[in-house]
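I opened this entry to record what I looked up, beginning with the ligand and moving outward to the chain.

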Amino acid sequence: MVTLLKTGVEGLDSIFKGGVREGSNLLLIGPPGTGKSILTMQFLVEGAKNKEPGLCILYESEIEDYLLYADSLKIPLRKYVDAKIITIIKQSTTVQKIPTFSTPLEQIKKGKVTRIVLDSLTMFGYIHSENTKSFRFEVLKFLSLMKGYTLLATAESADLSIDKHSAKTEEFLFDGVIHVTKIRQESTFERVLNITKIRGQQHLLNIYPFFIEEGGVHVYPDQLPFALISHDENIRSGKKVQKK
Ligand SMILES: Nc1ncnc2c1ncn2[C@@H]1O[C@H](COP(=O)(O)OP(=O)(O)OP(=O)(O)O)[C@@H](O)[C@H]1O
Ligand SMILES: [Mg+2]
């Protein structure tokens with residue numbers, strides 16, 4: 001039987017038609033400052049609330065900075081770290097000390113981990129591989145090590161535009177891909193999210209607006225992004241959309 005896990009992100013589970021499949025691996029991809037790290041905190045906390053131990057593998061931020069960040073958003077990550085339900089591991093990013101996965105794997109064996117976060121796969125790639133080919137192999141190796149656990153990894157994308165985004169190697173390797181970005185309309189940016197794929201699971205296909213506020217990311221599955229509505233209306237009415 002398929003078990004769907006709640007993401008901990010308001011509005012997101014209904015886009016997944018219930019939640020993410022237990023044991024699947026998901027990639028959360030987007031440009032800088034689009035809420036990727038924040039969403040991973042919510043995912044871990046949601047598991048911890050249900051007594052599912054979580055493991056967070058950080059490449060980019062220090063553990064205390066990640067916790068302070070969660071504190072500032074009133075995401076109770078620290079509480080579950082103190083209670084030892086969530087474990088955070090900082091992987092070294094120095095060339096002198098190439099990190100291995102022995103520490104995360106020890107934690108996984110010890111703690112019967114259910115949810116795993118990797119923030120971020122892009123940095124993982126810089127550290128563990130030298131070219132696209134070896135990156136693909138390293139990611140596949142990592143995914144096979146994480147098999148059976150529900151994994152949420154973040155990845156950087158340089159493309160702000162959804163239409164111009166060209167799929168990256170890692171998007172082909174994961175079971176599911178979620179895109180987050182910002183759309184500009186005149187002088188305003190709007191945050192949007194869409195699910196690009198999930199193997200073996202139905203999901204909604206639209207582009208949905210979301211906000212980052214106290215508690216983290218909040219998705220609005222019943223709304224459409226205002227920036228796209230007026231863009232489409234302009235096209236329908238024959239008005240030229242100004243290139244900027
Ligand atoms: N306390 C807060 N209240 C509202 N919005 C916030 C708050 N803290 C951060 N943000 C918003 O969240 C954004 C950053 O989110 P996050 O750190 O998750 O991005 P990211 O996608 O992981 O970025 P990067 O790729 O650079 O790591 C900020 O740019 C800011 O707009
Ligand atoms: Mg981040």
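I began with the classes of the residues around ligand 1, keeping in mind that this is a predicted model; the shell holds four nonpolar, six polar and three charged residues. I then listed the shell itself, in which 13 residues surround ligand 1, the closest being Pro32, Gly33, Lys36, Ser37 and Ile38. Sorting these by element, I found that α2 (36-49) and β10 (208-213) are the elements that give two or more residues to the shell, and that α2 gives the most, with three residues.

Next I turned to the nonpolar interior, where α2 came up again. The largest nonpolar core has 55 residues, of which Leu27, Leu44 and Leu77 touch the most other members; the largest share of this core, six residues, comes from α2. I followed Leu27 further and, leaving aside its neighbours within four places in sequence, noted contacts with Leu121, Ala153, Ala155, Glu170, Glu171, Phe174 and Val177.

Ala153 led me to the strands, since I also found this alanine in β7, standing opposite Leu118. I noted that β6 and β7 (residues 150-156) pair in the parallel sense over four bridges. Strand β4 (residues 54-58) also runs parallel to β6, joined to it by five bridges, and here Cys56 stands opposite Val117 of β6.

How enclosed is strand β6 by the rest of the structure? I checked its residues 115-119 and found that five of the five are buried, so the strand is largely enclosed. I then asked which way its residues point: Arg115, Val117 and Asp119 point one way, whereas Ile116 and Leu118 point the other way, and all are buried. In a regular strand the side chains alternate between the two faces of the sheet. I note for the record that the buried residues of β6 include Arg115 and Asp119.

Finally I looked at the chain as a whole, which has nine helices and eleven strands. Its radius of gyration is 18 Å, close to the 18 Å that the globule rule gives for 244 residues, so the chain is as compact as a globular protein of that length. I noted a span of about 60 × 40 × 40 Å for the C-alpha trace along its principal axes. Buried residues make up 37% of the 244 residues. Among contacts between residues at least 6 apart in sequence, I recorded that 67% join residues at least 24 apart.

Notes:
Residues numbered from 1 in each chain as written. Chains lettered and ligands numbered in written order. Predicted model: local features only at pLDDT ≥ 70, side-chain atom pairs only at ≥ 80, totals over all residues. Buried ≥ 20, exposed ≤ 12 C-beta atoms within 10 Å, placed from the backbone. Pairing = 2+ DSSP bridges. Near = placed C-beta within 6 Å. Nonpolar A, V, L, I, M, F, W, Y, C, P; charged D, E, K, R; others polar. Core = buried A, V, L, I, M, F, W, Y, C linked by C-beta atoms within 7 Å. Contact = placed C-beta atoms within 7 Å. Rg over C-alpha atoms; globule rule 2.2 N^0.38 Å.
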